[in-house]
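Reader: I would like a close look at one part of this model, followed outwards to whatever surrounds it. Please keep the account plain.

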Amino acid sequence: MWLFHRGAVLLATALFSSGLIAEETMTVELTFTPDLNNGRNVYETCASCHLPEGWGSSDGAYPQIAGQHQQVLLKQLLDIRDGHRENSIMYPFVQERTIGGYQSLVDVVTYITRMPMHPRHKQGPFSDFSDEYKQGEQLYQKHCASCHGAEGGGNDKTRTPKLYGQHYPYVLRQIDLIRKELRSVDPVMKGGVDQLSPEELMMIVNYVSWIEVPEGEKAPSANWRNTDFY
Ligand code: HEC
Ligand code: HEC
């Protein structure tokens, strides 16, 4: 194994207790100690689509998942598994009968969060010196940075995804789904997206794709391979 981990992961899961009068939502926090060997074994199922490196595809059909925040991955997987997030391609592969219960989810997200990111993900068409890039930067700082961070690093605790490093066409597609209400997200974020035109959103997504992935989070080269699988 090329990665090591000690420590516990919190998983907050919403349960619904139907009382006599009203339905109450209650959050239960469960603590797990990740098992990276099992994480690797579960990841074998994912690797057929997301590749052994977790880098996805530059046409955006498959997202890069390597290096995403642990709590973000956990939420995404639970949402897909429970049908709160539409993903029919992946749906059968995240069910309990396929990969196991909460412990396995914690194992696989811990494995994925530690994978180095693609050093050359697909970027948008407008590089640093263009007007589109500069406008995208301003709009990003105004409408997105408060949650996703000035550098696009997201936030593990608030389950806000890291945006840098993601393939440009994938983010563009996600934003389009969010705009058309085909994918639910934080209502504040939705409100912000609704204020922007498709062109402005495109410039934001272009800008985000040009944010540098921090050195320590990238694989040494595009030829790097995950030796757990070769
Ligand atoms: C049959 C192919 C397939 C398999 C197997 C698969 N996925 Fe996916 N996954 C996808 C596709 C396609 C998407 C993007 C769907 C979309 O466009 O919204 C996706 C999206 C995701 C996302 C959301 C990423 C983001 O930032 O939006 C995560 C996380 C993820 N997959 C993790 C996993 C894990 C973990 C496994 C294994 C347990 C797995 N996937 C197995 C095809 C697959
Ligand atoms: C109020 C906080 C907030 C603001 C402002 C915000 N976001 Fe988000 N964003 C989130 C959260 C939280 C999620 C995770 C949603 C989920 O999976 O339930 C998210 C998800 C996303 C995703 C989806 C990633 C994926 O594949 O799951 C993209 C892309 C994104 N945001 C881009 C943006 C852009 C671009 C802006 C500015 C126009 C923006 N966000 C503004 C909080 C915010």
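Where in the chain is the place of Arg159?

Author: The model is a predicted one. Arg159 sits in the loop that runs between helix 6 and helix 7. The backbone there has a particular feature: Arg159 is not a glycine, yet its phi is positive, at about 55°. Arg159 counts as partly exposed because 17 other C-beta atoms lie within 10 Å, a number that falls between the limit of 12 or fewer for exposed and that of 20 or more for buried.

A comparable backbone angle occurs in the loop between helix 7 and helix 8, where Glu181 is placed. Glu181, a residue other than glycine, has a positive phi near 60°. Its surroundings are described by a count of 10 other C-beta atoms within 10 Å, so Glu181 is exposed.

The helices that border these loops lead to ligand 2. Helix 6 (145-148), helix 7 (168-179) and helix 8 (187-194), together with helix 2, each give at least two residues to the shell around this ligand. Helix 8 provides the most, with four residues. The shell around ligand 2 holds 21 residues, and the closest are Cys144, Cys147, Asp186, Val188 and Met189. Sorted by class, 11 of the shell residues are nonpolar, seven are polar and three are charged.

Helix 7 and helix 8 also meet helix 9, as does helix 5 (131-143): the buried residues of helix 9 pack against these three helices. The residues of helix 9 that are buried are Leu201, Met202, Met203, Ile204, Val205, Asn206, Tyr207, Val208 and Ser209. Helix 9 covers residues 198-210, 13 residues in total, and extends 19 Å between its first and last C-alpha atoms, close to the 18 Å expected at 1.5 Å a residue.

The wider frame is a chain divided into domain 1 (9-113) and domain 2 (131-217). The centres of the two domains, taken over C-alpha atoms, are 22 Å apart. Each side brings 15 residues to the contact between them. On the side of domain 1 that touches domain 2, nine residues are polar, four are charged and two are nonpolar.

The UniProt record, an unreviewed entry, lists "domain: Cytochrome c" for residues 34-116 and 131-212. In the model, the span 131-212 is 61% helix and 0% strand, and its end C-alpha atoms lie 19 Å apart. The span 34-116 is 52% helix and 0% strand, with 18 Å between its end C-alpha atoms.

Ligand 1 offers a second shell to set beside that of ligand 2. It has 20 residues around it, of which Cys46, Cys49, Gln76, Met90 and Phe93 come nearest. Helix 1 (36-50) and helix 2 (70-81) each supply at least two residues of this shell, and helix 1 has the largest share, six residues. Helix 2 is thus named for the shell of ligand 1 and also for that of ligand 2. By class, the shell around ligand 1 has 15 nonpolar and five polar residues, and no charged ones.

Two further places complete the picture. Ile89 is in the loop between helix 2 and helix 3 (96-99). Ile89 is exposed because it has 10 other C-beta atoms within 10 Å. From Ile89 to Glu200 the distance is 30 Å, C-alpha to C-alpha, with the two 111 residues apart in sequence.

The other place is helix 4 (residues 102-113), which contains Thr113. Nine of the 12 residues of helix 4 are buried, so the helix is mostly covered. The buried set includes Leu105, Val106, Tyr111 and Thr113. Since 12 residues at 1.5 Å a residue should span 16 Å, the 16 Å between the end C-alpha atoms of helix 4 agrees with expectation. For Thr113, 25 other C-beta atoms lie within 10 Å, which means that it is buried. Leaving aside residues up to four places away in sequence, Thr113 touches Gly67, Gln68, His69, Gln70 and Leu73. Thr113 and Val171 are 19 Å apart, C-alpha to C-alpha, at a sequence separation of 58 residues.

Methods:
Residues numbered from 1 in each chain as written. Chains lettered and ligands numbered in written order. Predicted model: local features only at pLDDT ≥ 70, side-chain atom pairs only at ≥ 80, totals over all residues. Near = placed C-beta within 6 Å. Nonpolar A, V, L, I, M, F, W, Y, C, P; charged D, E, K, R; others polar. UniProt positions renumbered as here; feature names shortened; annotations may be inferred. Contact = placed C-beta atoms within 7 Å. Expected span 1.5 Å × (residues − 1). Domains from an automatic or database assignment.
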